[in-house]
Amino acid sequence: MDYSLISKRKCWVTFIYMVIVLTACNGFYLPGSYMRTYSKGEEIYAKVNSLTSIETELPFSYYSLPYCKPRGGEIKKSAENLGELLMGDQIDNSPYRFRMNVNESVFICTTPALSEHEVKLLKQRTRDLYQVNMILDNLPAMRYAQQNGVKIQWTGFPVGYSPPNSNDDYIINHLKFIVKVHEYEGTGVEIIGTGEEGMGVISEAEKKKASGFEIVGFEVEPCSVKYDPESAKLHMYDSVKSVSCPLELGKSQIIREQERVSFTYEVEFVKSDIRWPSRWDAYLRMEGARVHWFSILNSLMVIFFLAGIVFVIFLRTVRRDLTRYEELDKEAQAQMNEELSGWKLVVGDVFREPNHPKLLCVMIGDGVQITGMAVVTIVFAAFGFMSPASRGMLLTGMIILYLFLGTGAGYVGVRLWRTIKGTSEGWRSVSWSIACFFPGIVFVILTALNFILWGSNSTGAIPISLYFILILLWFCISVPLTLLGGLLGARAEPIQYPVRTNQIPREIPARKYPSWLLVLGAGTLPFGTLFIELFFILSSIWLGRFYYVFGFLLVVLLLLVIVCAEVSVVLTYMHLCVEDWQWWWKAFYASGSVALYVFLYSINYLVFDLQSLSGPVSATLYLGYSLIMAIAIMLSTGTIGFLTSFYFVHYLFSSVKID
């Protein structure tokens, strides 16, 4: 055998795996995530992200509108990571140039006369409430507005605005930037001014002290200005007069055909006491924080109280049965065996093979993979390892974790298969099904939604190249690791049942009400632990807000696991008490039915809280993503409930020896 050839193949396989992982992890640590200091007068260019709207949820490229391009006309895209691409981010360079600590008012460009298509597009984006998202030193532009006497903060600024009782639309073509800077060394640095203020002077001694500035805030004040046609003769970065916003409608730039739009901006640098590590605090400050705190704490107390009562009653009931049985002598036990009742009657059927055992094993395997991914991600985020400064990092981390947790999924699924069947035959088919079941469902839904996004020319559409990367990650990492886990599960010892199974199944007594009604109703208790946090999560996803209270989410997740386990065990015990030995699927759906309520709540959120969301395309996208979330929750919570019930049933029947 040529061992050198095998060694070369191993090297090539290792190299391919490294390339794939590095491709997926690209951008895990973005340059903007690190502290950057700038010297006085150093040039900094802002970047532009995709245009977004809470009305349509369809992101579009910044340069799809007739905005000024960078000097030279070359548009350069920033390298996005996997998470950013999946979220529809498209970060490009822009002509907005700042010189550190230099206050100035600058002309950028004047567009050619607007065509009919450009006017139609600008009006449509304006009326759909699209926002322009800009980034400076990795900080999104923040805008403050007064609404009903309340100060509200937004990220980005509108494309334009439509005055009430008017058919005209006006474009935002002048921006006033307020850049907050913190001087990290030295004191007494002056702000250099240009224009009417003249040039400030800094002594040589102060220059030595002032070695750099940190950008700790980025605010924008937009307005519309109608410029004189003579402004078209200006060149990019020529100085212009400062503008006081807002202006009267007669002095604003209307959107109509043959109009030429001049774009300008001014920048003001403001000293701030904010330190660089705290510069994201303004973005992560959630509205209604007090309501959030009290609602979560109230929910936690109620759920702990209810779950504690159910669990205590359950423990006392089962323990009383076991204690009474163990205190009897052998003759009394023999007599009691002849008068068995309740769950003891199904001793010969309780471990009988369930319906569709392969599907059950596949769903349990995928549930283990999703649960592991969720737990690890939330723990890392709760301890601050996933900063919002690294855009897309959370989603990228989730995908990478899911890929590598395929080993655990394959192991659990195949070992359960071997326990049910008593043999490892067919483990490859089970492993392949685990590797393809949930990713396949997600792939089909995303492909259908992607065709909709492609038809709308949205940047949210997944590029073909990314499709190949995702398929490569799927079949080169997830599938092999799942097969490896399946091999380990096939070699592991199956779980031994404590009782024998009869050849002839016992007849299940008829009931007045269907058992599935009780199973579906059981999902309300886990949903009670989840729905408050679900509101904040949906708001952060669909209303463009930052979500960073992962400490709360971690507590809710732990509580959800406990409640799912308790609910499933109690329902399993109730079914066994009425001689229903078909508990396998009921244990899964007793806790997994919470996904039904999550999906219904998502529809309720769409109807009552996302009233601004308009159009069938936006609603279809929302429901598609909500369906993926509901399926993932069903597999995760169902797996938690099933595994707990399985070990409970195993413990229950191994505690009492019934011949």
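Here are three short exercises on a predicted model, each with a worked solution.

Some ground rules: local features need pLDDT of at least 70, side-chain atom pairs count only at pLDDT 80 or more, and totals for chains, interfaces and linings use all residues. Residues are numbered from 1 along each chain as its sequence is written, and side-chain values use heavy atoms, leaving out hydrogens and water.

**Exercise 1.** Find out where the pLDDT (the predictor's confidence in each residue, from 0 to 100) is under 50.

*Solution.* Start with the whole protein: the average pLDDT is 81, and 81% of the residues score at least 70. Now look along the chain: residues 1-33 stay under 50. Residues 187-210 are also below 50. Careful here: where pLDDT is low, the predicted coordinates shouldn't be read in detail.

**Exercise 2.** Work out which helix has the highest mean pLDDT among the elements.

*Solution.* Helices (H or I, at least four residues) and strands (E, at least two) are DSSP runs, numbered from the N terminus. The protein has 18 helices and 16 strands. Helix H1 (residues 3-25) has the lowest mean, 40, while helix H10 (residues 406-421) takes the top spot with 95.

**Exercise 3.** Is Gln-253 buried or exposed?

*Solution.* First, locate Gln-253: the loop between strand S15 (213-223) and strand S16 (262-271). Next, recall the cut-offs: buried means under 20% relative accessible area, exposed over 50%, partly exposed in between (1.4 Å probe, protein chains only). Gln-253 has 1%, so this residue is buried. Finally, check its contacts (heavy atoms within 4.5 Å): beyond four places in sequence, they include Asp-169, Tyr-170 and Arg-260.
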